[in-house]
Amino acid sequence: MSAEATNPATPGPVAPTAAAAVTAPAVPRADRRKSRPRIDLRRLGRAALLGPAVRGKLPDAIGHVVEAHRAHHPDADLDPLRRAYVLAESSHRGQMRKSGEPYITHPLAVTLILAELGAETTTLTASLLHDTVEDTDVTLDQVREQFGEEVRYLVDGVTKLEKVDYGAAAEPETFRKMLVATGSDVRVMSIKLADRLHNMRTLGVMRPEKQARIAKVTRDVLIPLAERLGVQALKTELEDLVFAILHPEEYEHTRELIAENAARQGDPLAEVADEMRGVLREAGIQAEVLIRPRHFVSVHRVARKRGQLRGSDFGRLLVLVHEDADCYGVLGELHTCMTPVVSEFKDFIAVPKFNLYQSLHTAVARPDGQVVEVLIRTHQMHKVAEAGVVALGNPYAPASDAAVPDAPADGERADPTRPGWLSRLLDWQQAAPDPDTFWSTLREDLAQDREITVFRPDGGTLGLPEGATCVDAAYAQYGEDAHACIGARVNGRLATLSTVLKDGDTVQLLMGQDPASEPSREWLEHAHTPAARIAIQRWLATHPGGGTGTEEGTASRPAPADGTAPARPADSAPAESPARESTARPRSADVLADRPGAAVRLAGCCTPVPPDEITGFAVRGGVVTVHRVECATVAHMKSRGRAEVGVRWGDTTEIRVTLVAESFGRPHLLADLTEAISSTGVDIVSATVEPPSQQRVRHTYTLQLPDAARLPTLMRAMRDVPGVYDVARAQHQAPGS
């Protein structure tokens with residue numbers, strides 16, 4: 001059996017490299033890449049035991065590892081690999097795998113997988129030794145003495161993961177340790193993933209029920225982790241191996257589809273690739289156009305989505321260039337000279353995915369209607385797309401020739417390659433109250449394989465799973481201090497905390513001043529991230545009967561159907577008695593209507609003032625109500641078939657407007673606001689202050705201004721009052737909206 005040989009649990013052979021996964025049958029014969037010959041594990045085992053081990057000379061058994069390593073790192077120092085192999089072989093001598101091969105073949109195969117991905121020498125050295133401390137008499141002190149602190153750190157990290165097949169009861173705590181180890185150094189997880197891949201390749205020697213259990217754990221946790229670390233080469237092969245074990249009939253059907261397509265005459269992907277090469281050659285763009293066959297699971301998904309598969313569905317085209325700018329040059333040429341499918345365009349270069357992935361995605365249509373998907377990226381982007389964090393080398397290598405510093409006593413180091421999702425995962429796993437909660441939350445979090453990026457007003461960013469809300473953003477930014485969150489602005493507008501965020505949104509979180517603030521129970525319904533849910537649940541568990549506040553912090557009241565101002569609740573206190581209510585209606589002479597003799601009234605729902613663009617509607621008694629054109633009531637009236645009446649501003653001087661101020665509760669706030677309004681020369685016609693709720697206070701003012709030009713100055717003066725975070729024109733929802 002070879003290191004990449006036939007998996008007895010699967011219907012057929014696996015491709016010889018981790019990068020190629022198990023997609024060999026899908027590669028058109030004319031475009032198959034040359035690959036290294038298969039490695040015979042039994043012969044490799046004999047070489048490992050009997051091969052030359054002369055001091056200073058590389059043993060024959062690691063020749064294939066060295067060849068793959070030099071392809072990525074031609075100047076690498078190979079002496080650590082030689083010494084690591086000698087130690088591993090002597091330590092594991094006499095141990096056998098369940099498949100019958102000498103045990104040394106396993107660390108050799110794992111190291112080869114990582115070498116093919118481009119891992120640096122330190123990772124490969126630790127990979128050769130990753131089982132020695134756990135399964136032999138070698139100690140971590142010996143590893144440090146012979147190979148240094150960095151290798152010791154990685155071997156210790158992998159050793160702490162233990163084995164993941166102890167049984168279902170042990171899995172939660174095992175994977176908690178795995179995440180902690182990964183957070184300390186992402187290379188630990190790289191070695192673990194390669195270790196699992198080789199074990200999955202040779203899983204056929206185990207009982208079917210054990211195969212199924214290991215495959216399910218791999219599917220639920222390790223594959224999503226591989227996706228999030230960007231190691232697509234490992235992720236796709238693991239997916240296919242799991243697919244073959246858990247769904248053998250569907251796997252066999254997919255295999256037959258791929259084989260039938262490979263045997264057909266003519267390949268639409270090859271034809272489009274040739275046309276694309278000609279287009280780019282004429283444009284003077286140096287590019288390599290390759291066919292990327294889909295792996296088994298990908299073909300299966302496409303078949304379920306589209307039904308009958310056509311030739312272009314079995315792969316995609318990959319265009320590799322040297323510079324970022326060339327990616328967009330290629331895109332422009334393809335969209336100019338071929339028929340683009342614009343809806344398929346995605347730019348992951350300007351906004352990379354959460355797992356470091358960068359590429360341009362587009363699609364072109366053939367005359368026969370077949371659509372060919374195209375990926376455009378640089379060679380470096382392609383390397384990272386395949387190998388993820390493995391391709392980034394040693395994240396702790398010093399900038400100078402100084403020695404690598406020892407790890408801090410607490411075992412934690414700042415990892416410049418650690419994705420934001422992993423940092424968040426490490427934060428909430430510490431807060432999880434028990435292993436079962438951790439396990440269920442982890443699986444749910446990993447199932448959310450798409451991430452969005454939202455921007456903070458200070459220019460920072462937050463990475464959140466797709467479907468996240470303002471509640472999630474609050475806990476992602478402030479941790480448990482988010483209990484004091486009382487609202488949010490999304491893209492400059494006040495928004496509810498339940499608002500679902502979209503990629504690219506700007507989010508400003510409004511925080512209260514009271515350290516004793518409490519979250520609302522309703523927030524749990526809108527929390528999608530583990531950090532938010534666990535923090536809220538912990539607070540509620542320690543404060544029985546708490547969390548009774550509303551989602552927004554203030555209870556909202558719908559506006560009456562006639563668009564007038566909402567009624568004041570019985571327990572609210574007006575700041576100033578609206579004694580001048582009879583004069584609160586603007587003069588009709590301020591607006592001219594295209595209906596002679598009709599009385600004109602400015603609508604209270606949007607309180608239009610010059611120079612707002614306005615429109616009118618006739619209501620009972622021949623009165624024309626005037627609204628701002630963007631008022632929600634206008635759309636409602638139009639939907640009911642109400643005819644508009646032309647209106648325009650007359651010679652307006654004084655105007656009346658209703659403003660709503662949102663603020664934090666504090667002493668003397670009303671007095672300060674009143675003083676700010678008066679300082680601008682504006683008269684207060686009436687004011688209403690709603691009862692405070694969760695430190696948030698809402699003030700509604702009807703104001704008389706000498707002229708419309710003074711309105712911006714007035715609103716700025718009100719916003720400058722300490723504690724006031726928003727001032728806006730009154731705008732009520734349209735009835736029935």
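**Packing and pairing in the predicted model**

F243 is buried, at a relative accessible area of 6%. The model that holds this residue is predicted. Y251 is buried as well, with a relative accessibility of 2%. The two rings, F243 and Y251, make an aromatic pair. Their centres lie 5.8 Å apart, and their planes meet at 65°. The pair is classed as edge-to-face, because planes over 60 degrees apart fall under that heading. A further ring belongs here: F296 joins F243 and Y251 in one aromatic cluster.

A second pair is formed by F348 and Y357. For F348 and Y357, the centre-to-centre separation is 6.0 Å and the angle between the planes is 65°. This pair, too, is edge-to-face. F348 has a relative accessible area of 15% and is buried. Y357, at 11%, is buried too. The count of aromatic pairs in the model comes to four.

The nonpolar interior was examined next. In soluble globular proteins, nonpolar side chains tend to cluster in buried positions. In this model, the largest nonpolar core holds 62 residues. Within that core, L129, V143 and M200 touch the most other members. Helix α10, spanning residues 186-201, is the element that gives the most to the core. Its contribution is eight residues. Another core lies apart from the largest one. This other core has 28 residues, including A473, A484, A532 and A535.

Strand pairing gives an open sheet of three strands. The order is β10-β9-β11, and the pairing is antiparallel. Strands β10 (493-495) and β11 (507-511) form the edges, and each pairs on one side only. On average, neighbouring strands of the sheet are turned by 35° against each other, with direction ignored. Strand β9 covers residues 485-490 and is joined to β11 by five bridges. β9 and β11 run antiparallel. R489 stands opposite Q508, a residue of β11. Helix α20 (residues 470-478) packs on this sheet. The helix touches both β9 and β11. The direction of α20 makes about 75° with that of β11.

Another antiparallel pairing involves strand β20, residues 683-689. Its partner is strand β21, residues 696-705, and six bridges join the two. T688 stands opposite T700 of β21. Strand β20 is mostly covered. Of its seven residues, five are buried. In a regular strand, side chains point to one face of the sheet and then the other, in alternation.

Cysteines were checked last. A disulfide links the sulfur atoms of two cysteines covalently. The search of the whole structure returns zero disulfides. C485 illustrates this result. The closest cysteine sulfur to that of C485 belongs to C470, at 7.8 Å. No bond is assigned between C485 and C470, because this distance is too far and the cut-off is 2.5 Å. C485 is also buried, with a relative accessible area of 1%. C327 is buried, and its relative accessible area is 0%.

Conventions
Residues numbered from 1 in each chain as written. Predicted model: local features only at pLDDT ≥ 70, side-chain atom pairs only at ≥ 80, totals over all residues. Heavy atoms only, no water. Core = buried A, V, L, I, M, F, W, Y, C linked by side-chain atoms within 4.5 Å. Buried < 20%, exposed > 50% of the residue type's maximum accessible area, 1.4 Å probe, protein only. Helix = DSSP H or I, 4+ residues; strand = E, 2+ residues; numbered from the N terminus. Phe/Tyr/Trp six-rings, centres within 6.5 Å; stacked < 30°, edge-to-face > 60°. Pairing = 2+ DSSP bridges. Axes fitted to C-alpha atoms, helices over the stretch in contact; angles between N-to-C directions. Contact = heavy atoms within 4.5 Å.
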